[in-house]
Amino acid sequence: DGTKHLSGMHEAVFSNLEACTELYKTIKTCYGPKGLNKMVINHLRKLFVTKDAATIIKELEVQHPAAKMIVMASQQQEAECGDGTNFVMILAGALLEKAMDLLENGLSPSEVIRGYEMASEKCLEILESLVCYTVKDVKSPDEVAPLVKTSVCSKQDGYEDFLAGLITDACMKVMPVQRTFSVVSV
């Protein structure tokens, strides 16, 4: 029936890791401006051709509980930011793929987790030094346009220069004259 009974912690951990890395491998080739499209046929026999991870995972019926957690993380990223689903899935998949290698080399799951926690702390420590561009005046189209261009490039490769200017102009026109931020409105 497509189910398998596993015995022991070791087999269960590897089953979870394998399910997640298979999902990761499916999405990995879609990433970036040169990413490949996937042809997905859903349960209604509707055909989708896309490289957007959000669309792919929405149409796939992921059954494995561990893989579903990555899907949920990706969907949360989409809900919070409206983008970055591919990145979330690829980052999680790459970390889990490396975790599988570490487990195969004899480390325990708790040692792998502790290593990732230490890596997270180190990343947060050096993150501030990796800033490559800072906007000093958000009302300056010349400063904002490069940021918009970066975002647009991921979705509309080849049109980013034209669209970045249009989007920047539109944002500047609707931006309130007086900026006030209230935590209550969040």
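Colleague: Why are Tyr31, Phe87, Leu91 and Leu95 described as a nonpolar patch on the surface?

Modeller: In this predicted model, where residues are numbered from 1 along each chain as its sequence is written, local features need pLDDT of at least 70, side-chain atom pairs count only at pLDDT 80 or more, and totals for chains, interfaces and linings use all residues. Side-chain values use heavy atoms, with hydrogens and water left out. A nonpolar patch joins side chains of Val, Leu, Ile, Met, Phe, Trp or Tyr within 5 Å, each residue having over 30% relative accessible area and no salt bridge. Tyr31, Phe87, Leu91 and Leu95 form such a patch, and together they have about 380 Å² of accessible area (Shrake-Rupley method, 1.4 Å probe, only the protein chains shown counting as cover).

Colleague: What makes Tyr31 partly exposed?

Modeller: The term covers relative accessible areas between the two cut-offs, since buried means under 20% and exposed means over 50% (1.4 Å probe, protein chains only). Tyr31 has a value of 44% and is therefore partly exposed. As for its place in the chain, Tyr31 lies in the loop between α1 (9-28) and β1 (38-41).

Colleague: How do you know how many helices and strands the chain has?

Modeller: They are DSSP runs, numbered from the N terminus: a helix is H or I over at least four residues, and a strand is E over at least two. On that basis the chain has seven helices and two strands. Along the sequence they follow the pattern α-β-β-α-α-α-α-α-α.

Colleague: What share of the chain counts as buried?

Modeller: Of its 186 residues, 25% count as buried. The accessible surface of the chain comes to about 13,500 Å², and carbon and sulfur atoms account for 60% of that surface.

Colleague: Why is Thr50 called buried or exposed, and where does Thr50 lie?

Modeller: Thr50 has 14% relative accessibility, so it counts as buried. Thr50 belongs to strand β2 (47-50). With its neighbours within four places in sequence left aside, Thr50 is in contact (heavy atoms within 4.5 Å) with Asn37, Lys38, Thr55 and Ile56.

Colleague: What makes Arg45 a residue to remark on?

Modeller: Arg45 has a positive phi of about 65° although it is not a glycine. Most residues other than glycine have a negative phi. Arg45 lies in the loop between β1 and β2. With 73% relative accessibility, Arg45 counts as exposed.

Colleague: How do you know that Arg114 and Glu117 form a salt bridge?

Modeller: A salt bridge requires a side-chain nitrogen of Lys or Arg within 4 Å of a carboxyl oxygen of Asp or Glu. The closest N and O atoms of Arg114 and Glu117 are 3.6 Å apart, so the pair meets the definition. Both residues lie in helix α5, three residues apart, about one turn of the helix. Arg114, at 39%, is partly exposed, and Glu117, at 41%, is partly exposed as well.

Colleague: How many salt bridges does the structure hold?

Modeller: The structure holds three. One of them joins Lys122 and Glu125, whose closest N and O atoms are 3.2 Å apart. Lys122 and Glu125 are three residues apart in helix α5, and therefore about one helical turn separates them. Lys122 is partly exposed at 46%, whereas Glu125 is exposed at 55%.

Colleague: What makes the pair Lys149 and Asp161 a link between parts of the chain?

Modeller: Their side chains meet in a salt bridge, at 2.8 Å from N to O. Lys149 lies in helix α6 (residues 141-155) and Asp161 in helix α7, so the pair ties together parts that are twelve residues apart in sequence. Lys149 has 33% relative accessibility and is therefore partly exposed, while Asp161, with 54%, is exposed.

Colleague: Where is Met172, and with which residues is Met172 in contact?

Modeller: Met172 is in helix α7 (residues 160-174). Apart from neighbours within four places in sequence, its contacts are Val138, Lys139, Ser140, Pro141 and Val144. The C-alpha atoms of Met172 and Val138 are 8.8 Å apart in space, although the two residues are 34 apart in sequence.

Colleague: What share of the contacts in the chain joins residues at least 24 apart?

Modeller: Among contacts between residues at least 6 apart in sequence, that share is 46%.

How values were computed
Patches are made of residues with over 30% relative accessible area and no salt bridge: like charges are joined within 9 Å, nonpolar side chains (Val, Leu, Ile, Met, Phe, Trp, Tyr) within 5 Å.
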